[in-house]
Amino acid sequence: EVLLLADFPGLSVSGLRPTEIGGAIGLRLGGVARSEMPDRVLRRLLDIVVAALMLLVALPVLALASAAVYAVDPGPVLYRQKREGLGGRQVRILKLRTMYQDAETRLETLLTADPRAREEWSTHFKLRNDPRILPGIGGILRKTSIDELPQLLNVLAGDMSLVGPRPLPDYHLAAMEASFQARRSSVIPGLTGLWQISERSAADLSRLQQLDEFYVNNRSFWLDVHILLKTPRAVVRGDGAY
């Protein structure tokens, strides 16, 4: 192994990892495993076992959350949204509805009338004061990530993994370079990832790409386990979630 002293730990290259020795920050260069087969099998077993257990535990929570959503805005409480999956294949991910049924109209009206909101949307593709969000229950579900729990079914079906880059809407992907989109779609999308345990919605497009690139370049079973163990704390803190 070679330790390169540096002040640019954000650099993302396969085999390079931020490290520390004697108080100095640098990048550790080590070998990269050439075969992903053992990791792939372990990751799929982890997905099936953990997702099945989580779904059983989450069913009462989902039932209560669904009732609350229906009480605020009667209508379907679950919806499927097209997202990009492995290899660019379109998959339909499940979510618990946290927005009004005319959410898109509300968004277009706001972005047309408010330049500041339009600028925030172009940077983060999210809004802190989002008129689409259901009052009360909508914000709670998003902050606690309960609205993402139906995606455990996507994990069991194999369309998603527990850990990986988040499956983003088309308008979000369109802001990224085609080469990075292809790189990102080379791994299966995840329920949680580096973005979720760090900055969540507070990360701009550049930071999101940096986190995703680091994950793709350094993906391993044990990195997935590390991210999974960090996720509950990130959800409880709720930093950057809106």
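**Exercise 1. The two faces of helix H2**

Task: In this predicted model, find which exposed residues lie on the face of H2 turned away from its buried side, and find which residues of H2 are buried.

Solution: Begin with the face of H2 turned away from the buried side, where the exposed residues are Thr105, Glu108, Thr109, Thr112 and Ala113. Then look at the buried residues of the helix, which spans residues 103-113, and there you find Ala103, Leu107 and Leu111. These three cover an arc of only 60° around the axis, and therefore they sit on the same side of H2. As a last step, ask what this side meets: the buried residues of H2 pack against helix H3 (115-124).

**Exercise 2. A salt bridge between distant parts of the chain**

Task: Determine where in the chain Lys95 and Glu148 lie, and decide whether each is buried or exposed.

Solution: First, note that the side chains of Lys95 and Glu148 meet in a salt bridge, with 3.4 Å from N to O. The pair links distant parts of the chain, since Lys95 belongs to strand S5 (residues 90-96) while Glu148 lies in the loop between helix H4 (137-144) and H5, 53 residues apart. Next, compare each accessibility with the cut-off, under 20% for buried: Lys95 has a relative accessible area of 10% and is therefore buried, and Glu148, at 17%, counts as buried too.

**Exercise 3. Another pair**

Task: Decide whether Arg106 and Asp102, whose side chains meet in a salt bridge (2.8 Å, N to O), are buried or partly exposed.

Solution: Arg106 has 31% relative accessibility, so it counts as partly exposed. Asp102, with a relative accessible area of 37%, is likewise partly exposed.

Definitions and conventions: Residues numbered from 1 in each chain as written. Predicted model: local features only at pLDDT ≥ 70, side-chain atom pairs only at ≥ 80, totals over all residues. Heavy atoms only, no water. Buried < 20%, exposed > 50% of the residue type's maximum accessible area, 1.4 Å probe, protein only. Helix = DSSP H or I, 4+ residues; strand = E, 2+ residues; numbered from the N terminus. Arc of directions from axis to C-beta. Contact = heavy atoms within 4.5 Å. Salt bridge = Lys/Arg side-chain N within 4 Å of Asp/Glu carboxyl O.
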